[in-house]
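Subject: Handover of a structure and the findings on it

Dear colleague,

I am pleased to hand over the structure discussed below for your consideration. Please find the sequence and the coordinates at this point in the message.

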Amino acid sequence: MPDNIRLTSRDVPLIQLGLYQCRFPVSEDPSVPGGYRFCAGPTSPDRVYCDHHHSIVTAVEPRRARSGFHLAQRRAA
């Protein structure tokens with residue numbers, strides 16, 4: 001299992017998630033509606049993911065960021 005997926009006892013189907021609970025899918029489960037279980041960790045009011053999963057989805061690969069920047073410079077020149 002990848003390091004960025006942490007299964008916990010909080011993993012719940014989407015239909016059971018409450019307000020301010022992380023909506024990051026952490027496991028497939030054909031027995032629940034929608035087929036996935038979600039993190040359900042606490043979130044801040046302005047996010048749909050907990051701090052851990054927010055850092056995963058907003059991470060930028062340094063190599064990609066640099067290559068995109070160089071490409072933009074070539075187009076502008």
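The findings are set out below, from the overall fold to individual residues.

Please bear in mind throughout that this is a predicted model.

**Overall architecture**

The protein contains two helices and three strands. Read from the N terminus, these elements follow the order β-β-β-α-α. Of the 77 residues in the protein, 23% are buried. The exposed area of the protein is about 5,900 Å², and 56% of that area is supplied by carbon and sulfur atoms. Among the contacts with a separation of 6 or more, 40% are between residues 24 or more positions apart.

**The nonpolar core and its cysteines**

In soluble globular proteins, nonpolar side chains tend to be buried together. The largest nonpolar core here has five residues, namely Cys22, Phe24, Val26, Cys39 and Cys50. Three of its members deserve a closer description.

Cys22 is buried, with a relative accessibility of 0%. Beyond its neighbours within four places in sequence, Cys22 is in contact with a series of residues that includes Leu17, Phe38, Cys39, Ala40, Val48, Tyr49, Cys50 and His53. Cys50 is likewise buried, at 5% relative accessible area. Phe24 is a further buried member of the core, at 13%.

How many disulfides are there in the model? The count is zero. For Cys22, the nearest cysteine sulfur belongs to Cys50 and is 3.8 Å away. The converse also holds, the nearest cysteine sulfur to Cys50 being that of Cys22. A disulfide requires the two sulfur atoms to be within 2.5 Å, and the 3.8 Å between Cys22 and Cys50 therefore does not qualify.

**The aromatic pair**

A pair of aromatic rings is described by the distance of the centres and the angle of the planes. The structure holds one aromatic pair. It is formed by Phe24 and Tyr49, whose ring centres are 5.7 Å apart and whose planes stand at 75 degrees, so the arrangement is edge-to-face. Phe24 is in the loop between strand 1 (12–13) and strand 2 (25–28), while Tyr49 is in the loop between strand 3 (36–38) and helix 1 (51–57); the pair therefore ties together parts that are 25 residues apart in sequence. The two partners fall into separate accessibility classes: Phe24 is buried, whereas Tyr49 is partly exposed at 24% relative accessibility.

**Salt bridges**

Side chains of opposite charge can pair when their charged atoms come close. The model has two salt bridges.

- Arg37 pairs with Asp29, with 2.7 Å between the closest N and O atoms. Arg37 is partly exposed, with a relative accessible area of 23%, and Asp29 is buried at 14% relative accessibility.
- Arg47 pairs with Asp51 at 3.3 Å, N to O. Arg47 is partly exposed, with a relative accessible area of 32%, and Asp51 is exposed at 59% relative accessibility.

**Backbone and loop details**

Most residues other than glycine have a negative phi, and most peptide bonds are trans. Against that background, which value of phi does Tyr20 have? Phi of Tyr20 is positive, at about 65 degrees, although Tyr20 is not a glycine. Tyr20 is located in the loop between strand 1 and strand 2 and is partly exposed, with 40% relative accessibility.

Ala40, which is not a glycine either, also has a positive phi, near 70 degrees. Ala40 is placed in the loop between strand 3 and helix 1, and is buried, with a relative accessible area of 6%. Ala40 is also one of the residues in contact with Cys22.

Finally, Pro33 is found in the loop between strand 2 and strand 3 and is exposed, at 57% relative accessibility. Pro33 and Leu14 are separated by 19 residues in sequence, and their C-alpha atoms are 7.8 Å apart in space.

With kind regards

How values were computed: Residues numbered from 1 in each chain as written. Predicted model: local features only at pLDDT ≥ 70, side-chain atom pairs only at ≥ 80, totals over all residues. Heavy atoms only, no water. Salt bridge = Lys/Arg side-chain N within 4 Å of Asp/Glu carboxyl O. Buried < 20%, exposed > 50% of the residue type's maximum accessible area, 1.4 Å probe, protein only. Core = buried A, V, L, I, M, F, W, Y, C linked by side-chain atoms within 4.5 Å. Contact = heavy atoms within 4.5 Å. Helix = DSSP H or I, 4+ residues; strand = E, 2+ residues; numbered from the N terminus. Areas by Shrake-Rupley, 256 points an atom, 1.4 Å probe, with all protein chains shown as cover. Phe/Tyr/Trp six-rings, centres within 6.5 Å; stacked < 30°, edge-to-face > 60°.
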